[in-house]
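Reader: I would like a close look at one helix in this structure. Please describe what surrounds the helix and how its parts are linked to the rest of the chain.

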Amino acid sequence: MFDAEVAAVIRSLDAGFPKVEEMTGPEARAAIAARRQPVGNRDDVARTEDREIPGPGGGVPVRLYFPHQRGDGPLPVVVFCHGGGFVFCDIESHDAFCRELSGRTSSVVVSVDYRLAPEHKAPAAALDAYAALTWAAENASALGGDPGRLLIAGDSAGGNLAAAACLMARDNGGPAVAGQVLIYPVLDPSCDTGSYREYGTGYGNTRAAMQWYWRQYLPADGVAGPRHQVVPPTADTLRGLPPAVVVTAGLDPLSDEGGAYAAALARDGVPVTHRHYPGLFHGFLTIMSLQAGRSARDLLWHDLCAATKQGATS
């Protein structure tokens, strides 16, 4: 049985989430932005700073989060890629989540405002994520961070970008990454797994919406560059990638692809912590008021803190 609060949120999402598949990219952005909730945890961090860093298509806006200082040593650095189907959401939509992430893990967080589809097709967003990861590694010390404890994280489409950036780092010989955190990641453009067939309607995130997201992101004439840097499971091998925390939700169409990627990482020798929540739905972790989300975030912060103690992979 669903927890009553979870069931109410699912009903609300199923009835009220915009039918983005019937919209243009700009229309979808406006509809999602209109649902944004006020940020109520600004004091979780000591300060934030908005910057623009160099990227392959021009400047990439980022927001830096600095936790309240607890000691004099350098801090872990977490690059964060927001979700939103590659089409919408931004630094502001995930501001509350990044504040809690920084405060609860005592990390410097670099939230990335990567280029969005359909105006910018793949691999633009992944290249921006990798550029931010590289910038964070090069500037970690100046930010009060430890370049040996550099992680990348993302939810939904951002989970795809985090995974892709790790593949780019491996393929390009750096930077060294201590861990990747993939929160119900978008990984399989076929949209035809068992969880898609069972949970593709009625639970907020739908198969129709996911198909639309992929159509916005993938170029009609094929991906320029290595396909696995856009669709990570297509990599010949996942060996050499950093340890992973993979979060999946049982009522999410994406559940099976996230679980399959966690299993593939483990088969290729990558240490994996897979946190699966059978009775929860896509997006639950960033609903800050949801009790089930708060409990899962507590465990995620624990996993992140453990990951930052391991040191970067070579």
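## Helix 3 and its surroundings

Author: In this predicted model, the buried residues of helix 3 are Asp 95, Ala 96, Phe 97, Cys 98, Arg 99, Glu 100, Leu 101, Ser 102, Gly 103 and Thr 105. The helix spans residues 95–105, and ten of its eleven residues are buried, so it is mostly covered.

What does the covering? Strand 1 (47–53), strand 2 (60–66), strand 3 (75–81), strand 4 (108–112) and strand 6 (179–183) take part, and helix 9 (291–308) is also included. Helix 3 lies across the five strands just named, and its direction is at about 45° to strand 2.

These strands belong to an open sheet of eight strands with mixed pairing, in the order 1-2-4-3-5-6-7-8. Strand 1 and strand 8 (272–277) are at the edges; each has a single partner strand, so one side of each has no neighbour in the sheet. On average, neighbouring strands of this sheet are turned by 20° against each other, direction ignored. Within the sheet, strand 5 (residues 145–155) and strand 6 pair in the parallel sense, over five bridges. In that pairing, Ala 153 stands opposite Val 181 of strand 6.

Another helix also lies on some of these strands. Helix 5 (residues 157–172) lies across strand 3, strand 5 and strand 6, and runs at about 140° to strand 5.

Next come the charged side chains. Asp 95 of helix 3 forms a salt bridge with Arg 42, at 4.0 Å from N to O. Arg 42 sits in the loop between helix 2 and strand 1, so this pair ties helix 3 to a part of the chain 53 residues away in sequence. The two partners can be compared with the cut-offs for burial. Asp 95 has 1% relative accessibility and is therefore buried, as the limit is under 20%. Arg 42, at 47%, is partly exposed, because exposed begins over 50%.

A further pair reaches the loop that leads into helix 3. Arg 36 and Asp 90 meet through their side chains in a salt bridge of 3.3 Å, N to O. Arg 36 is in the loop between helix 2 (25–33) and strand 1, Asp 90 is in the loop between strand 3 and helix 3, and the two are 54 residues apart. Both ends are partly exposed: Arg 36 has a relative accessible area of 36%, and Asp 90 has 22%.

A third pair lies elsewhere. Asp 146 and Arg 149 meet in a salt bridge at 3.1 Å, N to O. Asp 146 is partly exposed at 22% relative accessibility, and Arg 149 is partly exposed at 21%. Other residues form a network: Arg 42, Asp 50, Arg 63, Glu 92, Asp 95 and Arg 99 are joined by salt bridges that share partners. Two members of this network, Asp 95 and Arg 99, are among the buried residues of helix 3. In the whole structure, the search finds 16 salt bridges.

Helix 2 precedes the loop that holds Arg 36 and Arg 42. In helix 2, Gly 25, Ala 28, Ala 31 and Ile 32 are buried. They span an arc of only 125° around the axis, which means that they lie on the same side of helix 2. This fits a general point: an α-helix has 3.6 residues a turn, so residues three or four places apart point the same way. The buried residues of helix 2 pack against helix 7 (207–217).

Now the backbone. Most residues other than glycine have a negative phi, and most peptide bonds are trans. Just after helix 3, Ser 106 has a positive phi of about 50°. Ser 106 is in the loop between helix 3 and strand 4, and at 16% relative accessibility it is buried. Tyr 184 also has a positive phi, of about 30°, although it is not a glycine. It lies in the loop after strand 6, leading to helix 6 (194–199), and is buried at 1% relative accessible area.

Beyond strand 4 there are cis peptide bonds. One joins Ala 117 and Pro 118, with omega about 5°. Another runs from Ala 122 to Pro 123, with omega near 10°. Pro 118 lies in the loop between strand 4 and helix 4 (124–139), and Pro 123 is found in the loop between strand 4 and helix 4 as well.

Methods. Residues are numbered from 1 along each chain as its sequence is written. This is a predicted model: local features need pLDDT of at least 70, side-chain atom pairs count only at pLDDT 80 or more; totals for chains, interfaces and linings use all residues. Side-chain values use heavy atoms; hydrogens and water are left out. Buried means under 20% relative accessible area, exposed over 50%, partly exposed in between (1.4 Å probe, protein chains only). Helices (H or I, at least four residues) and strands (E, at least two) are DSSP runs, numbered from the N terminus. Contact means heavy atoms within 4.5 Å. The arc is that of the directions from the helix axis to the C-beta atoms. Two strands pair if DSSP finds at least two bridges between them. Axes are lines fitted to C-alpha atoms, for helices over the stretch in contact, and angles run from 0 to 180 degrees between N-to-C directions.
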